[in-house]
Amino acid sequence: MKPQEVALGAAPGEADLHFKMGDFGGGSLYTTAAVVQKANPSTVRVPIRTLDSYPIDLSRPIFMKIDSEGAEYSILQGGRRTIEGAGNLTLMMEFTPIFIRRQMPLPEYIGFLQSLGLKLHLADGARLVPVSGEALEARGNCYVFASKQDLA
């Protein structure tokens, strides 16, 4: 599949992507008005598609990295059918409590991940280890590996 000039979200539509010129990793659809006023980012209107709208072969192992500056929950909502239908799926996701709390309490977000049948893991050196929801809440910013299978 060719690269797509779209953002992923919970439903099709359009949104403003805010970014600092030259910073190719910090763009966000979820920038607050205070950040926009202070940082004066560049803005571009982008189409939004859902993950479920893409033809993904669910019979094959799937690995996805989702690092979307606060849009992770929205992307997962728009990919629910894909995630639930995949037999061998691993997601490497940014876990940033300040972004998550703008949308919901951390326990609710963690419960949502688990409701999709995902088991949560953290990197510990060269291996992945299971992590409880409570331990993840206490952790702070990190990458979470969420998988349909136990990765330990």
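This is a short dialogue on reading a cavity, a buried residue and a sheet in a predicted model.

Colleague: Where is empty space left?

Modeller: Rolling a probe the size of a water molecule over the atoms shows that. In this structure there is one cavity of 30 Å³ or more. The volume of the largest cavity is about 60 Å³.

Colleague: Which residues line the largest cavity?

Modeller: Gly-70, Glu-72, Tyr-73, Glu-94, Phe-99, Ile-100, Gln-103, Met-104 and Tyr-109. Sorted by class, that lining has five nonpolar, two polar and two charged residues.

Colleague: Which helices each supply at least two residues of that lining?

Modeller: Helix H2 (72-77) and helix H4 (97-101).

Colleague: Now Ser-68. Does Ser-68 count as buried or exposed, and why?

Modeller: Buried means under 20% relative accessible area. Ser-68 has 17% relative accessibility, so Ser-68 counts as buried. Ser-68 is placed in the loop between strand S4 (62-66) and H2.

Colleague: What is Ser-68 in contact with, leaving aside neighbours within four places in sequence?

Modeller: Ile-75 and Glu-94. Glu-94 also appears in the lining of the largest cavity.

Colleague: On to the sheet. In what order do the strands stand?

Modeller: Three strands form an open sheet, in the order S1-S3-S2, with mixed pairing. Strand S1 (7-8) and strand S2 (13-19) each have a single partner strand, so they stand at the edges and one side of each lacks a neighbour in the sheet.

Colleague: In which sense do S1 and S3 pair?

Modeller: Parallel, over two bridges, with strand S3 covering residues 42-49. To find one bridge, start at Leu-8: its partner in S3 is Arg-49.

Terms used:
Residues numbered from 1 in each chain as written. Predicted model: local features only at pLDDT ≥ 70, side-chain atom pairs only at ≥ 80, totals over all residues. Heavy atoms only, no water. 1 Å grid on protein atoms, 1.4 Å probe; cavity = no way out; pocket = protein on both sides within 12 Å on 5 of 7 lines; lining within 4 Å. Points joined across faces, edges and corners; volume = space filled by probe spheres on them. Helix = DSSP H or I, 4+ residues; strand = E, 2+ residues; numbered from the N terminus. Nonpolar A, V, L, I, M, F, W, Y, C, P; charged D, E, K, R; others polar. Buried < 20%, exposed > 50% of the residue type's maximum accessible area, 1.4 Å probe, protein only. Contact = heavy atoms within 4.5 Å. Pairing = 2+ DSSP bridges.
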